[in-house]
Amino acid sequence: MSTLGIDAEAAGEAGETRFTAQAFGKVNPYLGAGPARADGFHELATIFQSVSLHDTVEAIAGSAEPGESAGDPRNPNVELEVRGLDAESVPTDRSNLVVRAVEAVARAYERACPGAYRSFPRLRLQLTKGIPTAGGMAGGSADAAAALRIAEQALRPGAQEPTRSAQQTGLPQEPPVAEGLPGRAELGPECGDPGRPGLTERELLGLAADLGSDVPFALFGGTALGRGRGERLERLSAAGTFHWVFAVAHEGLATPAVFRELDRLRAAGELPEATDPAGGASAISEALAQGNPRLLARALHNDLEPAAFSLRPELARLKAKGQEFGGLGAVLSGSGPTMAFLCADAGAADAVVRRLDAEPAVRLALSATAPAGGAGVVKHTGC
Ligand code: C5P
């Protein structure tokens, strides 16, 4: 598995610290959707696996310029710049989940430690996209998870005190179970103590779930089963490396529209009624545990696929094409409109990418391996 994480190092200028976090995309080899709940969300059982395609979130934490606000719990001093793949379609204001993630951490620290905002540094964030946007690969969610990890360190009360020590924090070993989320940060009474811990993993999971259904998984990456909206996670075992190809269609598909279409097709009797969403998950987890791509290819399933195909019939044709070109199996990626093709090995994946890239219905074809990591802290050096 690749290294996960935030790598924070001296930014060069006195008083500034640089944080770098990789934000990995994901594939859902299994997605079972139950009926709509009272809150409008659908009860899911989905298997996530993070993939090597990633964005990078960098942040430079420094002091505010003269005349600027040092920080505010509702409106922290954050600037966001976006570059890389599809950058022109990514907002840089607070509609971007990266900014909302920083705000969520700021509020959590302020709740646990009133007045903490006075020491929040100015955060200059740069997001470099490598994951196609609006493709059902959870790029925005991964960016949010990386930003949560960065903000958890950068805004931590006491973190701004000058220190020359390097801190190495391993990835959490415990499974990412997000049940019974606490409502407040477990900061302890000494808010200014640089030695006391910041937000706990459970607290971060709570903030992540509020930001979006896929954000909790992106904090951890690897392979997991998600229940509820997808935010209640349980680590799954996976062996070996899987080779995927992602074929991104020209126009995005809005997730709510795909869920609505699923409800419509079910109500009209065009699809069977929703049953236990976890129904087909065990065949997938078995194939993942064995590291067997042929077994996995046969079991791939996404309940949202017929809904996305109903809205975009060309995706069904694309599914057949990618398998003609050598994909062992195919499945809609998340809520689409990207199609994910599982391949036997890296060579087969390259060949499928080349053939799909020439298809008019395909905006972009990319290969990736799975599983990859999540957004965990590796190193933190202040200067
Ligand atoms: O949580 P997220 O922001 O990804 O959800 C976007 C939308 O997708 C929701 O507002 C809802 O319409 C739909 N959704 C759903 N059931 C889920 C996840 C998302 O209906 N489990």
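## From the ligand outward

An oxygen atom of the ligand is placed 2.5 Å from an N or O atom in the side chain of serine 213, in a model that is predicted. Taken by itself the ligand would expose 450 Å², and 72% of that is buried by the protein. A polar side-chain atom of histidine 42 lies 2.7 Å from an oxygen atom of the ligand. The residues surrounding the ligand are Gly40, Phe41, His42, Leu44, Gly212, Ser213, Arg229, Thr255, Pro256 and Phe259.

Two members of that surrounding set, Phe41 and Arg229, also meet each other, for the charged end of arginine 229 sits over the ring of phenylalanine 41, at 4.8 Å from its centre. A second arrangement of this kind involves arginine 149, which lies over the face of phenylalanine 220 at 5.7 Å from the ring centre.

Arginine 149 leads on to glutamate 201, since the side chains of these two residues are joined by a polar contact of 2.8 Å. In sequence glutamate 201 and arginine 149 are 52 residues apart, while in space their C-alpha atoms are 9.8 Å apart. Glutamate 201 belongs to helix α3, which covers residues 201-211. With a relative accessible area of 22%, glutamate 201 is partly exposed, because the buried class is limited to values under 20%.

The helix α3 as a whole is mostly covered, with eight of its 11 residues buried. Those buried residues are Glu203, Leu204, Leu205, Gly206, Leu207, Ala208, Ala209 and Leu211, and they pack against α1 (97-112), α2, α4 and β8 (232-235).

Helix α4, one of the elements against which the buried residues of α3 pack, also takes part in an aromatic pairing. A search of the whole structure finds two aromatic pairs. In one of them, the rings of phenylalanine 48 and phenylalanine 217 have their centres 4.5 Å apart and their planes at 10°, so this pair counts as stacked. The pair links distant parts of the chain, given that phenylalanine 48 lies in strand β3 (residues 42-62) and phenylalanine 217 in helix α4 (residues 215-220), with their positions 169 residues apart in sequence. Both phenylalanine 48 and phenylalanine 217 are buried. Tryptophan 244 and phenylalanine 246 form an aromatic pair that is likewise stacked, at 6.4 Å centre to centre and with 25° between the planes; tryptophan 244 and phenylalanine 246 are both buried as well.

A further buried position is found outside the helices and strands, at threonine 133, which is in the loop between β5 (122-129) and α2 (139-154). Its relative accessible area is 18%, and threonine 133 is therefore buried. Leaving aside residues up to four places away in sequence, threonine 133 touches Asp86, Ser89, Val90 and Arg363.

These local details belong to a chain whose secondary structure comes to 10 helices and 14 strands. Of the 383 residues in the chain, 55% are buried, and the accessible surface of the chain comes to about 15600 Å², of which carbon and sulfur atoms account for 50%. When contacts in the chain are taken between residues at least 6 apart in sequence, 76% of them join residues at least 24 apart, and the pair of phenylalanine 48 and phenylalanine 217 is one case in which distant parts of the chain are linked.

Terms used: Residues are numbered from 1 along each chain as its sequence is written. This is a predicted model: local features need pLDDT of at least 70, side-chain atom pairs count only at pLDDT 80 or more; totals for chains, interfaces and linings use all residues. Side-chain values use heavy atoms; hydrogens and water are left out. Rings of Phe, Tyr and Trp (its six-membered ring) pair if their centres lie within 6.5 Å; planes under 30 degrees apart count as stacked, over 60 as edge-to-face and the rest as tilted. Helices (H or I, at least four residues) and strands (E, at least two) are DSSP runs, numbered from the N terminus. Buried means under 20% relative accessible area, exposed over 50%, partly exposed in between (1.4 Å probe, protein chains only). A charge sits over a ring if NZ of Lys or CZ of Arg is within 6 Å of the ring centre and within 35 degrees of the ring normal. Contact means heavy atoms within 4.5 Å. A residue is near a molecule or strand if one of its heavy atoms lies within 4 Å of it. A polar contact is a pair of N or O atoms within 3.5 Å; within protein, one must be able to donate a hydrogen and the other to accept it, and residues adjacent in sequence count only if both atoms are side-chain atoms. Accessible areas come from the Shrake-Rupley method with a 1.4 Å probe; for residues, only the protein chains shown count as cover.
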